[in-house]
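Hi everyone, thanks for coming. Please have a look at the structure on the screen, and I'll walk you through it.

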Amino acid sequence: MLLARVEGNVTATRKHPSLQGWRLVVCQPISQSGQAEGVPQIAIDSHGAGMHQRVVISSDGAAARNTVGDQKSPVRWLVIGIVDEKEPGVPA
């Protein structure tokens with residue numbers, strides 16, 4: 001699992017049939033301080049994460065394939081949660 005920031009949406013004129021109907025987002029892995037770490041990944045998103053929102057992504061390909069319902073799908077990354085923003089001045 002990685003902490004990441006949604007940097008954009010993916011538009012594809014052709015894609016694997018298992019990805020039909022799934023929202024694809026570009027996720028930039030980040031450190032806890034928000035600095036970019038590594039290369040961006042494309043993930044399926046069923047949570048509706050917004051632009052620049054922090055998310056948790058997983059590279060569990062088996063879970064991603066189970067999510068789309070196709071064991072031969074090329075999907076690997078999926079958004080598994082949206083990180084809540086804490087209000088300034090409120091203890092964690």
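Let me start with a question: which residue in β5 does S58 stand opposite? Keep it in mind while we get our bearings, and please remember that this is a predicted model.

First, the overall layout. The protein chain has one helix and five strands. If you follow it from the N terminus, the order of elements is β-β-β-β-α-β. Its C-alpha atoms fill a box of roughly 45 × 25 × 25 Å along the principal axes. Of the 92 residues in the chain, 30% are buried. And if you take the contacts with a separation of 6 or more, 54% of them come from residues 24 or more positions apart.

Now the strands. The five of them close into a barrel, and going around it you meet them in the order β1-β2-β3-β5-β4, with mixed pairing. From one strand to the next, the twist averages 55°.

Let's go around pair by pair. β1 and β2 run antiparallel and are joined by five bridges; here A4 stands opposite P29 in β2. Moving on, β2 and β3 also pair in the antiparallel sense, over five bridges, and V26 stands opposite I42 in β3. Then comes β3 with β5, which run parallel and are joined by two bridges. In that pair, A43 stands opposite W77 in β5. And then β4, residues 54–58, pairs with β5, residues 77–82, in the antiparallel sense over four bridges. There, I57 stands opposite V79 in β5.

That brings us back to my opening question. The partner is L78: S58 stands opposite L78 in β5.

Let's stay with S58 for a moment. S58 is found in strand β4. Is S58 buried or exposed? With a relative accessible area of 11%, and the cut-off for buried being under 20%, S58 counts as buried. Leaving out residues up to four places away in sequence, S58 touches M1, R76, W77, L78 and I80, so you'll spot its strand partner L78 in that list of contacts. The side chain of S58 also reaches the backbone nitrogen of D60, at 3.1 Å.

D60 is a handy stepping stone to the helix. At the start of α1, a side-chain oxygen of D60 comes to within 3.2 Å of the backbone nitrogen of A62. The helix itself covers residues 61–68, and its buried residues are G61, A64 and V68. Why do they end up on the same side of α1? Because they cover an arc of only 60° around the axis. What covers these buried residues includes β3 and β5. Just after the helix, G69 takes a positive phi of about 75°.

To see one residue that reaches the helix from a strand, look at I44, which lies in β3. I44 is buried, with a relative accessible area of 2%. Again not counting residues up to four places away in sequence, its contacts include A64 and V68, along with W77, L78 and V79. L19, W22, R23 and L24 are also among the residues that I44 touches.

Next, what is on the inside? The largest nonpolar core has 10 residues: A4, V6, V25, C27, A43, A49, V55, I57, W77 and V79. The elements giving two or more residues to this core are β1, β2, β4 and β5. There is also a second, separate core of seven residues, and L24, V68, V75 and L78 are among its members.

If you'd like one residue to click on in the largest core, try V55. Among the residues V55 touches are A4, V6, C27, A49 and V79, and its contacts also include L2, L3, G81, I82 and V83.

One last stop: β2. Five of its seven residues are buried, so β2 is largely enclosed by the rest of the structure.

To recap: five strands close into a barrel, and helix α1 has its buried residues on the same side. And S58, where we began, stands opposite L78 in β5. Thanks for listening!

Notes
Residues numbered from 1 in each chain as written. Predicted model: local features only at pLDDT ≥ 70, side-chain atom pairs only at ≥ 80, totals over all residues. Heavy atoms only, no water. Pairing = 2+ DSSP bridges. Axes fitted to C-alpha atoms, helices over the stretch in contact; angles between N-to-C directions. Buried < 20%, exposed > 50% of the residue type's maximum accessible area, 1.4 Å probe, protein only. Arc of directions from axis to C-beta. Contact = heavy atoms within 4.5 Å. Polar contact = N/O pair within 3.5 Å; in protein donor to acceptor, adjacent residues only side chain to side chain. Core = buried A, V, L, I, M, F, W, Y, C linked by side-chain atoms within 4.5 Å.
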